[in-house]
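Open your viewer, set it to a plain cartoon, and keep the selection box at hand. We will go from one stop to the next, and at each one you will hear what to select and what to look for.

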There are 4 protein chains.
Amino acid sequence: MTDSSAPRVPRDRDNDYTPESAAQRRDFLREQCGAQLDHVGSFSFDPGVLPGNVENFTGVAQVPIGVAGPLRINGEHAQGDFYVPLATTEGTLVASYNRGMRLLSACGGVKTTVVDDHMQRAPVFICQDALQAREFGAWVDAHHDDVRAAAEATTRSGRLTYIGHYQVGPLLYLRVNYTTGDAAGQNMTGKATLAACQWMKANFPGEVDFILSGAIDTDKKHSQINMLLTRGKRVVAEAVIKRDVLRELMGVDTQTMFDYRQIGMVGGFLAGSSYNGAHAANGLTAIFIATGQDVANVSESHAGITYSRLLPNGDYYWSVTLTSLIVATYGGGTGLATQRECLELLGCYGAGKVQKFAEICAATVLAGDTSLTAAILAGDWVESHDKLGRNR
Amino acid sequence: MTDSSAPRVPRDRDNDYTPESAAQRRDFLREQCGAQLDHVGSFSFDPGVLPGNVENFTGVAQVPIGVAGPLRINGEHAQGDFYVPLATTEGTLVASYNRGMRLLSACGGVKTTVVDDHMQRAPVFICQDALQAREFGAWVDAHHDDVRAAAEATTRSGRLTYIGHYQVGPLLYLRVNYTTGDAAGQNMTGKATLAACQWMKANFPGEVDFILSGAIDTDKKHSQINMLLTRGKRVVAEAVIKRDVLRELMGVDTQTMFDYRQIGMVGGFLAGSSYNGAHAANGLTAIFIATGQDVANVSESHAGITYSRLLPNGDYYWSVTLTSLIVATYGGGTGLATQRECLELLGCYGAGKVQKFAEICAATVLAGDTSLTAAILAGDWVESHDKLGRNR
Amino acid sequence: MTDSSAPRVPRDRDNDYTPESAAQRRDFLREQCGAQLDHVGSFSFDPGVLPGNVENFTGVAQVPIGVAGPLRINGEHAQGDFYVPLATTEGTLVASYNRGMRLLSACGGVKTTVVDDHMQRAPVFICQDALQAREFGAWVDAHHDDVRAAAEATTRSGRLTYIGHYQVGPLLYLRVNYTTGDAAGQNMTGKATLAACQWMKANFPGEVDFILSGAIDTDKKHSQINMLLTRGKRVVAEAVIKRDVLRELMGVDTQTMFDYRQIGMVGGFLAGSSYNGAHAANGLTAIFIATGQDVANVSESHAGITYSRLLPNGDYYWSVTLTSLIVATYGGGTGLATQRECLELLGCYGAGKVQKFAEICAATVLAGDTSLTAAILAGDWVESHDKLGRNR
Amino acid sequence: MTDSSAPRVPRDRDNDYTPESAAQRRDFLREQCGAQLDHVGSFSFDPGVLPGNVENFTGVAQVPIGVAGPLRINGEHAQGDFYVPLATTEGTLVASYNRGMRLLSACGGVKTTVVDDHMQRAPVFICQDALQAREFGAWVDAHHDDVRAAAEATTRSGRLTYIGHYQVGPLLYLRVNYTTGDAAGQNMTGKATLAACQWMKANFPGEVDFILSGAIDTDKKHSQINMLLTRGKRVVAEAVIKRDVLRELMGVDTQTMFDYRQIGMVGGFLAGSSYNGAHAANGLTAIFIATGQDVANVSESHAGITYSRLLPNGDYYWSVTLTSLIVATYGGGTGLATQRECLELLGCYGAGKVQKFAEICAATVLAGDTSLTAAILAGDWVESHDKLGRNR
C-alpha cells in the first residue's frame with residue numbers, strides 16, 4: 001500500500017479538544033498550504049465542549065447572522081411574536097424574509113401545525129427469493145411487538161411507530177419509523193433499528209441477511225417517499241393575506257399572486273421539483289446554521305407543497321406544507337455557544353421545544369415565499385438584488 | 001391595517017453595518033426575548049464589509065471547523081494533496097470523510113472533471129394560446145443573437161449559451177442558460193434574463209407577457225430538470241479502489257461493496273431519490289459553510305448519480321457525478337473573513353478558481369460516500385456514531 | 001346554448017345492443033364521413049352481451065394475435081408450460097417474446113410470486129385548516145372499523161385493508177386500500193369508498209367536505225406512490241439465466257448483460273423513468289388486449305424495477321418486480337368472446353385465477369426483457385426489426 | 001441444455017401468414033390447452049397482409065368499438081366535427097367521452113396545436129473516463145453535420161434535429177432526436193442512430209464503445225425526460241368552457257371545477273404522477289387500439305399537464321398538454337383492416353395526416369377529462385358506473 005506522501009493532520013491523542021490542538025492544526029495548515037487562518041482561529045467558546053460535534057477541530061466559520069421579525073405566529077406550540085435569527089451570506093435574504101414577516105404579521109399572523117412526525121432508518125433484508133421475502137415480511141408484521149421491544153430497548157426517547165414494507169425481487173426494504181422526542185433522531189433510529197434487525201435475523205426461522213440502510217431512508221437526500229410519508233416533521237403554515245395589505249405593502253394584487261400560483265404549480269410539476277413554492281431552502285438553511293441544526297438536512301427539509309385559494313372577498317389563503325422538516329432542540333449542535341443562544345432567542349432550547357421550533361421554521365418559510373413571490377410579480381426582484389446583493 | 005404590536009428590529013439608517021448597530025440589535029433582542037447573545041456578538045471582522053451579504057447584522061454563528069485530509073486529487077484543475085475544511089456540528093462527519101480521503105489517497109487519488117456548466121434563470125411567457133406560444137418560441141430561436149446581446153449587455157462575466165423551450169398550453173417556459181465565470185451567478189443571470197425578456201416583449205410582433213421566473217429554474221430546490229440538464233457545475237469524481245487497500249483499511253471486500261451498489265441503486269429508484277449514492281449533502285454542506293457558498297444551494301447541489309464497476313482484477317471503479325453543483329470562488333460570501341481563509345486553504349480564492357473548487361467538492365463527496373458505505377457494510381456505522389456522535 | 005350542427009350518433013332507446021343498431025351507426029358514419037366500416041362490422045358474437053362494456057357499439061377492432069411460448073413457469077399459482085396470446089400490430093414483438101420464453105424455459109423456467117395486492121380509491125377531505133385535518137385524520141384512525149364496515153357493506157368481494165393519510169395544508173388525502181378478489185376493482189373501490197366517505201362526513205363531529213378522488217389514487221396514470229405502495233398486484237418474476245444457454249441461444253455473455261444493467265439503472269434514474277428494465281409495456285399491452293383487461297391500465301402496470309446479480313458461477317440472476325399490475329379474470333372485458341378464449345388458453349378464466357394470471361404477466365415481461373436486452377447487446381436489434389418490422 | 005419438454009408452436013416455414021397456418025396453431029393450442037379459439041379464429045381479412053405486424057398469427061382479438069362525437073375541433077390540421085372510434089371493454093367510457101365532446105362542442109369546440117415533435121433513440125457511449133466522455137461529446141457537436149448525414153442516409157422520411165448530451169461518470173448518454181414524418185418512427189430512428197453511432201465510433205480519434213440504447217430514450221415507459229423534452233408529438237388542446245353550458249349539461253359550476261383543479265394539481269405533485277389531469281390514458285388507449293397505433297406507447301403517451309384559468313366572466317379556460325404522444329398514420333398497424341377504416345373515419349389515413357390525428361387525440365383527451373371531472377364533482381361518478389359498468 002503506497003500512502004500519499006502528504007502528512008496527516010496532527011492530533012493529540014490524549015485531549016484533542018483544546019485551543020492548543022486547534023492552534024497546532026492551524027499552524028500545520030499554514031505551513032502546508034500557506035493559508036492564514038487567523039479569523040478561523042477566533043472563537044469565543046471552550047473547545048472542550050466539542051466532542052460529539054466535530055473531529056480535528058481547527059477553528060470556526062463565522063457566519064453573519066441577521067435578525068428578521070417580528071413574525072406573529074398563532075400556532076399550537078409557537079404563539080406570539082418572534083425574531084428569527086438567520087445565518088447567511090446572501091444579501092437581500094434577511095431583508096426579504098423580514099418584509100414577508102411584516103406582511104404576514106400585518107394580516108394577523110401565521111397559523112402553524114405539526115401534522116405528522118416520523119424519523120426512520122430503512123434496512124434491507126436480502127432473502128433467498130421473492131417468496132421468502134414476502135413470508136419474512138409477514139413474519140415481521142406478526143412479531144411487531146417483539147421487534148419494537150428490541151428497538152426501543154436501545155433508547156430512552158425513541159418510540160417505534162410503524163414499519164413500512166417495500167419489496168423488490170428478493171429484497172425486502174423496511175422503513176422503520178420512530179418518534180424521537182426533541183432530537184432529530186438519525187443516530188437514535190440507527191441504533192434502535194440495528195437492534196431490531198439483529199433480533200429479526202436471530203429469530204426468523206429462515207436464513208436472511210440484512211444491511212442497515214437500503215437507501216430508502218432516505219438520509220441526506222430528497223425523495224418522493226419523504227414527501228409522501230414524511231421524514232422528520234410534517235408541518236403546515238397557513239395565512240390569509242389580505243388584499244389591501246398586500247397591495248399596500250408590496251404593490252401586488254392577490255389575483256395576480258393566485259394566477260402566478262397556477263404557473264408555479266405547473267412549472268414545479270414539469271420540472272420534477274422537490275418543492276412547488278418559491279424558496280423554502282433559503283430561510284431554512286439560515287435558521288439551521290444559526291440554531292445548530294444538521295444543515296445537511298436542508299437536502300430533505302426544503303421539500304414541500306404549496307396549496308392556496310383565492311377567497312371570495314379577494315383575500316388570499318396560502319399554505320405551505322413542509323413534508324420532511326428535520327429539526328432538533330436537543331442534541332447535535334443545538335447546545336453549542338452561538339447555536340444555543342439563537343435557540344434561546346426563539347424560546348426553543350431544550351426539552352419539549354421541537355414542535356414549537358418546527359412551527360417557527362414553517363412560518364418563516366411562508367414569510368419568505370410571500371416576499372419573493374411578490375418581488376417577482378412587482379418587478380423589483382432584480383432591482384432589490386442590485387441594491388442589496390453582493391455582485392454590484 | 002393593524003400592524004403587529006411587537007416592535008421592529010432597530011436599524012441605523014445612516015450606517016447600519018457597525019459593531020454598534022449589531023450591539024444595539026442584540027440589546028434589543030435581549031430585552032424582547034430575554035436571550036443572551038454574547039457568543040453571537042463575538043466576531044473578529046469589521047461589519048463594514050457586510051453590505052451585500054446580510055441585513056440587520058447582529059453577530060455570527062460560530063460553526064466548528066474540522067479539517068479532513070490529505071486528499072490526493074488528480075484533476076484537470078485540482079492537482080495535489082488537499083486539506084478540506086468542513087464546518088459542521090455533526091460528530092463523526094469529519095472523521096468519516098477523513099477516513100475516506102485516506103483510502104482514496106492510498107489508492108492513488110481521485111480523478112475529477114467538470115463536464116458541463118450552466119446557470120439559468122427561467123422566465124415564463126404567457127401567450128394568447130398555444131399556437132402563439134409556439135410561434136413566439138420560433139421567433140425567439142430566430143432572434144437568438146439579439147436576445148443574447150440584450151442579456152449580455154448587463155454583465156461582464158456572464159455568457160448566454162442556450163435557451164431551452166418547454167411549452168405547456170399557452171405558457172412558454174424558457175430556461176436561459178449562462179456560464180457565469182467564478183460566481184455562482186444566480187443574480188447575474190436574473191438581471192441578464194430580465195433584460196432579455198424586456199427585449200423580447202418589446203420586439204416580438206404580438207402581445208405577450210412574461211414573469212421572470214416560471215419556477216423551472218429551479219432555484220433552491222432539487223429537480224429532475226437539474227439532474228438532466230445541469231445547474232451550476234456538472235462534475236465527476238472517479239477512483240479505482242484497490243481491493244487490498246479497502247480490505248485493509250476498512251475491512252470490506254470490493255465484491256460486497258459492489259453488491260450493495262445494486263441494492264442502493266434499486267433503493268434510490270424505488271424511493272424517487274435525488275441521489276443514488278450515500279450522502280453527498282454532508283460533505284458539501286460542511287464545505288459550503290466553511291467557504292462562504294450559498295448554503296441553501298445544498299438543496300440542488302446534493303443531487304447526483306453514482307456509477308460503478310467491479311473490475312476483472314477485483315478492484316472497484318467508483319464514480320460520482322454531481323449534476324447541479326452550485327459553487328463560487330468570487331462574490332457572495334466568499335470574501336468574508338473565515339470564508340476567504342478556508343478558500344485560500346484550498347488554493348481556491350478568487351478569479352479562475354471555480355472549476356478547481358468544484359473538483360475538490362466532488363472528490364470530497366466520493367471520499368465521504370466511500371467511508372459511509374464501508375461503515376454500513378462493516379457494521380461499525382452505529383458503533384462509530386456511538387463513539388463520536390453527540391447522543392451518548 | 002348553440003349546439004354543434006353536426007348530427008348526433010343514432011341510438012336505439014329500447015335496445016341499442018343489436019347488430020342492427022351497430023349497422024345503423026356504421027351507415028350513419030359512412031354517410032357523415034365517407035368511411036367504409038366493413039371490417040369493423042365483422043364480428044362473431046352477439047352484441048347483446050355488451051352492456052357494461054361499451055356504449056354506441058359500432059363494431060370491432062380486429063387486433064392480430066400471435067402466440068408465444070411455451071414458457072415454463074414455476075409459480076405459486078402458475079405452474080407448467082404456458083402459451084401466451086399477444087394481441088399486437090408491432091412486428092418482431094411476438095418473435096422476441098417467444099425467443100425470451102425459449103431462453104428462460106431452457107434455463108429451468110421463471111419463478112413468480114405475487115407479493116402484495118392493493119386497489120384503491122383516494123378521496124380528499126377538505127377541512128377548515130391543517131389542525132382540523134390532522135384531527136379528522138386521527139378520528140378516521142380511531143373509527144377504522146366503522147369506516148371499513150361502511151365501505152364493505154357495498155361489496156361482496158372487496159375488503160378494505162388500510163387507509164393511508166397524506167396531508168397537505170387543510171387537505172387530507174386518504175388512500176383507501178382494498179383487496180378486490182378476481183376483479184381489477186376500480187369501480188368496486190369507488191363505490192365502497194363513496195359509502196365510507198359519506199359515513200365519515202356524517203359522523204365526524206365537525207364540518208368537512210370531500211371529493212371522491214383527490215388524484216392520488218392514481219387511476220390511469222403512473223406515479224411514484226404506485227411504485228412504492230402498490231396498485232393492483234405487486235408481482236415478482238425471477239430467473240437464473242445460465243451463462244452457456246444465453247451464449248448459445250442469444251450470443252451474449254452474462255457479464256456483458258450485467259454490465260449493461262448498470263448502465264440501464266443509471267439511465268432509468270437519470271431520465272426519471274417509471275421502469276428501469278427494458279419494455280414491460282410491450283408484453284403487458286399485448287396480453288391485456290388479448291385477454292380483455294382494461295388496457296388503459298398499461299399506464300400504471302408498465303412500471304417496475306429490475307434487480308439482478310451476477311452469480312459466482314457466471315450465471316445471471318434476474319428479477320423483475322411489477323409494482324402496479326392491474327389485472328382481472330372476472331368482470332370488465334374478461335367475459336367477451338375472444339377475450340375469454342384467450343384467458344381460457346392460459347387456464348385463467350373466472351374465479352380464483354387472478355393471481356395465476358398476474359404471475360403469467362410478470363413471467364412474460366421477464367422473457368421480453370431478456371430477449372430485447374440480448375438483441376441490443378448482440379447488435380441484432382435493428383436487423384431483426386428490418387427483417388420482421390413493418391417499415392421495410 | 002435441457003429444453004422445456006412442451007412442444008413449440010407450429011410454424012410453416014414457407015408461408016406462415018395463411019388462414020391454414022393460423023388454424024393449425026389454434027388446433028395445436030386447443031390440443032395443448034383445451035381452449036376453444038373459435039371467436040379468435042373469426043377475422044375478416046387476409047393474413048397475407050400481416051408480415052411486419054405479428055408473428056405466429058393465430059387469430060384476432062375482437063375489441064368492441066363505440067363511437068363518440070361529434071366533437072368540434074378548430075385545430076391547425078383538424079378542423080370540423082369528428083366522430084371518434086373508441087375500442088374498449090370498459091363500460092361508461094364511450095358515454096363519458098361522448099358527454100364531454102357534447103359539452104366542448106356546445107362551447108364552440110376545441111383548439112388544438114402540435115407544438116413540438118421529436119422521436120428519439122438514445123445510445124450510450126462508454127468512454128475511458130469522464131474527461132474522454134466530455135471530449136467525445138464536444139467532438140460529436142463539432143461533427144454534427146457528419147453525424148446527421150450518416151443517420152439520414154438510412155431513411156427517406158427521418159430528419160435528425162438535435163442530439164442531447166447527458167453525462168454520468170464515463171458514460172455519455174446521447175438522445176438523438178428526429179422528425180419522422182407520418183410514422184411513429186421508433187424503428188426508423190433505431191436504424192438511423194445505429195448508423196450514426198457506427199460513424200462516430202469509426203471516426204472519433206479515440207477508443208469508445210457504444211450500446212444502441214442507454215435507456216433514456218425512454219421507449220415504452222413514462223419518464224420525466226419525455227415530459228420535459230417531448231417524445232413523439234407535444235400537442236395542446238384548449239377550450240373555454242362556458243359557465244352556463246357546464247351548469248346546464250353537467251350540473252357543475254366552473255368555480256367548483258377550478259377549485260378542484262387546485263386539489264388535483266397538489267395531488268398529482270404529491271403522488272409523483274405522470275399526469276395531473278383526470279384520465280388521458282382511457283381515451284388514448286381506446287383510440288390507439290381502434291386505429292392501429294402501437295398501444296404499448298400508452299405508457300408514454302398518457303403523460304401530460306393540465307393548465308387552467310378561471311376567467312373574469314366565470315368561464316373556464318382549460319388546456320391539456322400531452323407531452324409524449326406517439327402516433328402514426330402510416331406504418332405499424334395503421335394499414336390493417338379495421339384499423340385503416342377507423343383512421344379513414346377520422347380522415348387521417350396515410351401521408352400528411354399525423355398532425356391532424358395528434359390533434360384529434362388531444363381534443364378527445366380534453367373531452368374525457370372534462371366529463372370525468374364533472375362526474376366526480378356532481379357526485380354521479382359512482383352512479384354512472386353502476387348504471388353503465390360491468391360489475392352490477
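The tour starts with a whole chain and then moves on to strands, a helix and single residues.

**Before you start**

What you see is a predicted model, in which local features need pLDDT of at least 70 and side-chain atom pairs count only at pLDDT 80 or more, while totals for chains, interfaces and linings use all residues. Residues are numbered from 1 along each chain as its sequence is written, chains are lettered from A and ligands numbered from 1 in the order in which they are written, and side-chain values use heavy atoms, with hydrogens and water left out.

**Stop 1: select chain A**

Color chain A by secondary structure and you will find 13 helices and 10 strands. Helices (H or I, at least four residues) and strands (E, at least two) are DSSP runs, numbered from the N terminus. The radius of gyration of chain A is 24 Å, close to the 21 Å that the globule rule gives for 392 residues, so chain A is as compact as a globular protein of that length. That radius is taken over C-alpha atoms, and the globule rule is 2.2 Å times the number of residues to the power 0.38.

Turn the chain along its principal axes: its C-alpha atoms fill a box of roughly 70 × 60 × 40 Å. Of its 392 residues, 69% count as buried; buried means under 20% relative accessible area, exposed over 50%, and partly exposed in between (1.4 Å probe, protein chains only). Contacts need heavy atoms within 4.5 Å, and among those in chain A between residues at least 6 apart in sequence, 71% join residues at least 24 apart.

Now switch on the surface. Chain A exposes about 11,200 Å², with carbon and sulfur atoms supplying 46% of it; accessible areas come from the Shrake-Rupley method with a 1.4 Å probe, and for residues only the protein chains shown count as cover.

**Stop 2: select residues 111–121 of chain C**

This is strand β3 of chain C, where 9 of the 11 residues are buried, so the strand is largely enclosed by the rest of the structure. Which strands does it pair with? Two strands pair if DSSP finds at least two bridges between them. Add residues 232–241 to see β8(C), which runs antiparallel to β3(C) and is joined to it by 7 bridges. To find one of these, pick C:Thr113 and look across to its bridge partner in β8(C), C:Val236. Then add residues 171–179 for β6(C), which pairs with β3(C) in the antiparallel sense over 3 bridges. Here C:Met119 has C:Tyr178 as its bridge partner. As you look along a strand, keep in mind that in a regular strand the side chains alternate between the two faces of the sheet.

**Stop 3: select residues 337–345 of chain B**

You are now on helix α11 of chain B, with 7 of its 9 residues buried. Among the buried ones are B:Ala337, B:Cys342 and B:Leu345. What covers them? The cover includes α1 (19–33) and β1 (57–74) from chain A, along with β1 (57–74), β2 (79–87), α9 (280–291) and α12 (354–378) of chain B itself. Just after the helix, stop at B:Gly347, where phi is positive at about 65°.

**Stop 4: select D:Thr89**

Look in the loop between β2 (79–87) and α2 (93–106) of chain D for D:Thr89. Is this residue buried or exposed? D:Thr89 counts as buried, at 7% relative accessibility. Leaving out residues up to four places away in sequence, D:Thr89 touches several residues of chain C, including C:Gly52, C:Asn53 and C:Gln339, as well as D:Pro64. For a distance check, D:Thr89 and D:Gly66 are 23 residues apart in sequence and 9.6 Å apart from C-alpha to C-alpha.

**Stop 5: select D:Ala278**

Staying in chain D, go to the loop between α8 (254–271) and α9 (280–291), which holds D:Ala278. With a relative accessible area of 15%, D:Ala278 is buried. Residues up to four places away in sequence aside, D:Ala278 touches C:Asp219, C:Lys221, D:Asp369, D:Leu372 and D:Thr373.

**Stop 6: select A:Leu228**

Finish in helix α6 (residues 224–229) of chain A, at A:Leu228. This leucine counts as buried at 2% relative accessibility. Beyond its neighbours within four places in sequence, A:Leu228 is in contact with A:Arg234, C:Tyr166, C:Ile225, C:Leu228, D:Leu270 and D:Ala271.
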